[in-house]
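Subject: Structure for you to look at

Hello,

Here is the structure I promised to pass on. Please open it first, then read my notes below.

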Amino acid sequence: MIPEFCTDQPFDASVLGAPVWRLNDVGRTADAVSAARAAGVGLMFYRGLSDRTSELEPHGFRRVETLVTFEGDLPAGPAPNHVRRATTGDADAVASIAHSAFRTDRWHADPLIPDDRADEFKAAWARNDITGRADVVLLACAADGAVAGFNAILLRGDVAAIDLIAVAPGHQGQGIGRALIQGMGAFLPTARSVRVGTQAANVASLKLYASFGWREVSRADTWHWVP
């Protein structure tokens, strides 16, 4: 039974192969750990805006990342010629990029989570986006027509929230990420602003988002507990 101060994470669990919980009340950390052990939980996490070291570390939680959130104006103008809207037929290509492109997210940043599970987590997330979770998925293609990167976007009123964005390892540093962002306005006529999160360790993304004039609005530490 999941305690009232935790939330079940079924998608995460489907990838990890064990129950995953989110801790919502750090005041109940000791009770959460006890309940998680009894339930066979494979991972429990907490994300908060302030330092909670004294409440979490004594019970086995480890800080694994800091999430940095940016907000700003939606880029205007036409989309670059090599950016197009994805279809479900692009699902395998998008999932393949997600499987290999991420290294600083909370799953990859945790040495106690196997890399193959972390890779699969991102691939499954990307596949969900392109098969219906995201409102719009944009692709950038290389000169040979191969998919070089993607940008999955959720619409929240007039806010375009970048849910997942990645560039294939062999195409990084070539302006693909910038093109995927610059093209957003052409495909999102009702959106006015952008919201996106990245890790403090992802220096390239921090620089990219700042270059669009987007401002940092929050930082949140992510903590993991595993049995």
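Start with one pair of residues. The bridge partner of alanine 160 is valine 194, which sits in strand 9. Keep in mind that this is a predicted model.

That bridge belongs to a pair of strands. Strand 8 covers residues 159-167, and strand 9 covers residues 193-199. They pair in the parallel sense, over four bridges.

Now the helices. Helix 4, residues 91-101, packs on the sheet. It touches strand 6 (136-141), strand 7 (147-156) and strand 8. The direction of helix 4 makes about 95 degrees with that of strand 7. Helix 6, residues 115-133, lies across strand 6, strand 7 and strand 8 as well. Helix 6 runs at about 135 degrees to strand 8.

Next, the whole sheet. Ten strands make it up, and the sheet is open. Follow the order 1-2-3-10-4-9-8-7-6-5. The pairing is mixed. Which strands stand at the edges? They are strand 1 (6-8) and strand 5 (83-85). Each has a single partner strand, so one side of each is left without a neighbour in the sheet. Neighbouring strands are turned by 25 degrees against each other on average, ignoring direction.

Back to helix 4. Which of its residues are buried? They are Ala91, Val94, Ala95, Ile97, Ala98 and Ala101. Why do they fall on the same side of helix 4? Because they cover an arc of only 160 degrees around the axis. A general rule helps here. An α-helix has 3.6 residues a turn, so residues three or four places apart point the same way. The cover over the buried residues of helix 4 includes helix 6, strand 6, strand 7 and strand 8.

Then the cysteines. The count of disulfides is zero. Is cysteine 6 buried or exposed? Its relative accessibility is 7%, so cysteine 6 counts as buried. Cysteine 141 has 15% relative accessibility, so it counts as buried too. The cut-off for buried is under 20%.

Last, the aromatic rings. There are six aromatic pairs. One of them joins tyrosine 209 and tryptophan 214. This pair is stacked, at 5.7 Å centre to centre with 25 degrees between the planes. Tyrosine 209 and tryptophan 214 are both buried. Phenylalanine 212 also stacks with tryptophan 214, at 5.3 Å centre to centre and 25 degrees between the planes. Phenylalanine 212 is buried. Elsewhere, ring pairs link Phe11, Trp107, Phe121 and Trp125 into a cluster.

Best wishes

Note on methods:
Residues numbered from 1 in each chain as written. Predicted model: local features only at pLDDT ≥ 70, side-chain atom pairs only at ≥ 80, totals over all residues. Heavy atoms only, no water. Pairing = 2+ DSSP bridges. Helix = DSSP H or I, 4+ residues; strand = E, 2+ residues; numbered from the N terminus. Axes fitted to C-alpha atoms, helices over the stretch in contact; angles between N-to-C directions. Contact = heavy atoms within 4.5 Å. Buried < 20%, exposed > 50% of the residue type's maximum accessible area, 1.4 Å probe, protein only. Arc of directions from axis to C-beta. Disulfide = S-S within 2.5 Å. Phe/Tyr/Trp six-rings, centres within 6.5 Å; stacked < 30°, edge-to-face > 60°.
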